[in-house]
Amino acid sequence: MKKRILSLFIALFVAVVLVGCASKTTTEAQLDLTGTYKVKVWVADAITALTQTQIDAFNASEEATSRGIKVEATIEAVGEGDAASKMTSDVINGADIFGFAQDQLARLVEAKGVSQLGNAAAKFVNDNNDGGAAAAATLGGQLYAYPMTSDNGYFMYYDKSVITDATHLTSLEQLIADCEAASKMFSFELEGSGWYNAAFFFGAGCVSSFTFEKNGAIATVNDTYNSDKGVIAMKGMQKLLTSTCYNNSSNAAASFDASVGSAIVVSGTWDSNAAQSALGDNFGVAPLPSFTVDGKTYHLGSFTGNKLMGVRPQQDPKKAAVLNLLAQYLTGQTCQEQRYKENGWGPSNLEAQKLPEIANDPVLSAFNAQNEYGVPQGQYPGQWWDLTKVLATSAKNAKSDADIQTALQSYRSTLDSLVGVVPPSWDNGPWGVIGKFGEYNWNEDVLMTKKESTEGFVFESAPIEFAEGDQFKCRLGENWDSSVGNGKDNFVVETAGKYIVRLTVTDANAKTATITLVPVE
């Protein structure tokens with residue numbers, strides 16, 4: 001009986017791999033997909049309404065009606081930068097279909113939060129999208145996602161009534177002077193964002209890339225931030241950071257608002273509608289400028305990449321087949337053109353890119369011009385973003401080149417210490433107890449020790465003296481990406497006493513765990 005069930009499962013799995021792809025097969029035709037499917041979808045807030053319209057159109061399409069498919073979608077606003085964190089923290093309850101930024105692919109694959117595409121689905125991706133987009137959806141030679149855009153990067157929106165001389169657009173120093181003279185702000189999210197401040201490091205010729213072990217640990221680091229080039233980058237940043245016109249933001253709507261009064265905002269295609277609405281006839285867009293240090297000029301760089309759409313692994317092969325059909329529809333030519341027309345998103349679809357209005361779009365033209373200086377966004381460890389986001393503040397506060405060098409040396413020393421270190425995981429920890437009890441007030445973790453157990457992965461604290469009503473949670477890696485309490489709430493101590501906090505991870509993949517208090521005599 002077990003062999004028969006296994007054979008049936010394998011047959012259905014093969015069918016799923018083939019379903020929804022560019023060419024029909026006998027196996028696919030034999031899979032009856034008739035039914036109503038409840039589907040959870042995560043997309044950016046800006047396209048939630050459009051996505052519902054597109055799913056309605058899918059339901060009315062010949063593909064769906066001829067096969068008796070109806071999708072009932074629940075659409076939630078989750079940005080591409082947040083989707084992977086939400087998915088990897090709880091795959092079981094994650095979205096069935098979700099948009100995400102390409103640099104999140106490795107952690108999604110590692111967490112089994114995204115399905116590998118079959119051969120025919122991979123052909124669909126490769127035949128219909130530009131090579132860069134297909135490469136962005138590939139890891140270890142395998143395709144895992146459907147490209148949505150080729151526009152993930154940043155450039156410059158500006159107010160033509162303030163920046164009246166177009167020749168100034170190529171010089172950071174002249175743009176700063178124009179903003180200062182007009183008492184306007186230059187908005188560039190340098191502080192708190194390694195993604196944006198990388199523009200100066202890449203512009204100065206720095207590189208930063210990584211390879212990883214299968215367990216997620218950093219295997220090798222190729223990073224030249226701590227170098228003469230890095231000093232040049234931070235000295236270039238200083239020019240804007242210490243100006244009276246500097247505003248630490250990448251939000252076009254907020255920055256162009258009269259309450260802030262920006263003349264320039266560094267952002268991406270997602271902000272094109274907001275920028276045009278705010279500036280009207282004075283709307284301008286251009287690639288990033290150059291900056292000069294010690295008599296030499298450097299063109300600002302940028303990250304460049306893609307938005308992708310992933311499908312969560314499914315136990316039901318029929319639902320998996322329908323999800324792949326839906327994902328292909330949502331990332332096809334028609335839907336990409338609609339997202340361009342309503343939101344300014346740049347298509348990865350080859351036919352959509354040929355349309356005159358897209359080929360000649362000023363925003364996409366600025367993006368493409370900046371791409372000449374862009375660095376494809378690969379896989380970066382989460383710690384790298386934390387380390388680089390503080391470099392701009394270090395540059396702002398530096399009083400000398402020596403101060404800059406000290407900040408860069410500290411950055412590199414911490415980065416090197418991460419090589420070979422397995423990142424936090426539900427089954428290996430490190431777990432800690434944090435809360436309001438004794439001398440603690442949500443300000444420090446009491447580390448837990450992993451114990452041998454047949455019940456699951458068990459972690460225990462040292463004995464803790466609790467008062468009635470004390471509250472705490474157990475969290476992973478001393479941050480709030482993953483935490484356990486009483487559901488979403490804190491664990492509340494009902495009876496005062498001395499206890500060992502025991503965390504039992506019942507399913508590391510599903511990220512489920514329980515907390516018990518073990519009395520200490």
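**Helix packing, buried loop residues and backbone exceptions**

Pro430 sits in the loop that runs between α21 (401-417) and β20 (431-437). The model analysed here is predicted. In this model the peptide bond joining Gly429 and Pro430 is cis. Its omega is about 5°. Most peptide bonds are trans.

Two further backbone exceptions concern phi. Most residues other than glycine have a negative phi. Ser183 is not a glycine, yet its phi is positive, at about 55°. This serine is placed in the loop between α9 (172-181) and β9 (185-187). Its relative accessibility is 65%, so Ser183 counts as exposed. Trp442 also has a positive phi, of about 60°, although it is not a glycine. The loop that holds Trp442 lies between β21 (440-441) and β22 (446-447). Here the relative accessibility is 31%, and Trp442 counts as partly exposed.

Helix packing was examined for two pairs. The first concerns α10 (residues 194-203) and α11 (residues 228-241), whose axes come within 7 Å. They cross at roughly 125°. An angle over 115 but not over 145 degrees falls outside the perpendicular and antiparallel ranges. The two helices are therefore oblique to each other. The crossing of α10 past α11 is right-handed. On the α10 side, the contact is made by Asn197, Phe200 and Phe201. On the α11 side, these meet Gly230, Ala233, Met234, Gly236 and Met237. By class, the residues of this contact divide into 5 nonpolar and 3 polar. None is charged.

Helix α11 is largely enclosed by the rest of the structure, because 11 of its 14 residues are buried. The buried set begins with Gly230, Val231, Ile232, Ala233, Met234 and Lys235. It continues with Gly236, Met237, Gln238, Leu240 and Leu241. The length of α11 is as expected. At 1.5 Å a residue, its 14 residues should span 20 Å. The end C-alpha atoms of α11 are 20 Å apart, which agrees.

The second pair is α3 (residues 48-60) and α14 (317-330). The axes of α3 and α14 come within 10 Å and cross at roughly 120°. That makes α3 oblique to α14. The crossing of these two helices is right-handed. From α3, the residues in contact are Gln54, Ile55, Ala57 and Phe58. They meet Leu325, Leu326, Tyr329 and Leu330 in α14. This contact has 7 nonpolar residues and 1 polar residue, with no charged residues.

Helix α14 also helps to cover α7. In α7 (residues 119-128), the buried residues include Ala120, Ala121, Ala122, Phe124 and Val125. Their cover includes α14, together with α8 (131-136), β5 (142-143) and β6 (146-147).

Val114 is found in the loop between α6 (105-110) and α7. At 6% relative accessibility, Val114 counts as buried, the cut-off being under 20%. Beyond its neighbours within four places in sequence, Val114 is in contact with Phe98, Leu105, Leu108, Val109 and Tyr144. Its contacts also include Gly310, Val311 and Pro313. The C-alpha atoms of Val114 and Asp96 are separated by 9.2 Å. These two residues are 18 residues apart along the chain.

Leu139 belongs to strand β4 (residues 138-139). Its relative accessible area is 27%, so Leu139 is partly exposed. With neighbours within four places in sequence left aside, Leu139 is in contact with Leu105, Ala106, Val109 and Tyr144. Leu105, Val109 and Tyr144 are also among the contacts of Val114. The C-alpha atoms of Leu139 and Ala121 are separated by 15 Å, and the two are 18 residues apart along the chain.

Leu288 occupies the loop between β14 (283-286) and β15 (290-293). With a relative accessible area of 2%, Leu288 is buried. Its contacts, leaving aside neighbours within four places in sequence, include Tyr154, Phe155, Met156, Ala199 and Val266. His299, Leu300, Gly301 and Gln370 are also in contact with Leu288. Leu288 and His168 are 120 residues apart along the chain, while their C-alpha atoms are separated by 11 Å.

Terms used:
Residues numbered from 1 in each chain as written. Predicted model: local features only at pLDDT ≥ 70, side-chain atom pairs only at ≥ 80, totals over all residues. Heavy atoms only, no water. Axes fitted to C-alpha atoms, helices over the stretch in contact; angles between N-to-C directions. Helix = DSSP H or I, 4+ residues; strand = E, 2+ residues; numbered from the N terminus. Parallel < 35°, antiparallel > 145°, perpendicular 65-115°, else oblique. Left-handed = near helix turned anticlockwise from the far one by under 90°. Contact = heavy atoms within 4.5 Å. Nonpolar A, V, L, I, M, F, W, Y, C, P; charged D, E, K, R; others polar. Expected span 1.5 Å × (residues − 1). Buried < 20%, exposed > 50% of the residue type's maximum accessible area, 1.4 Å probe, protein only.
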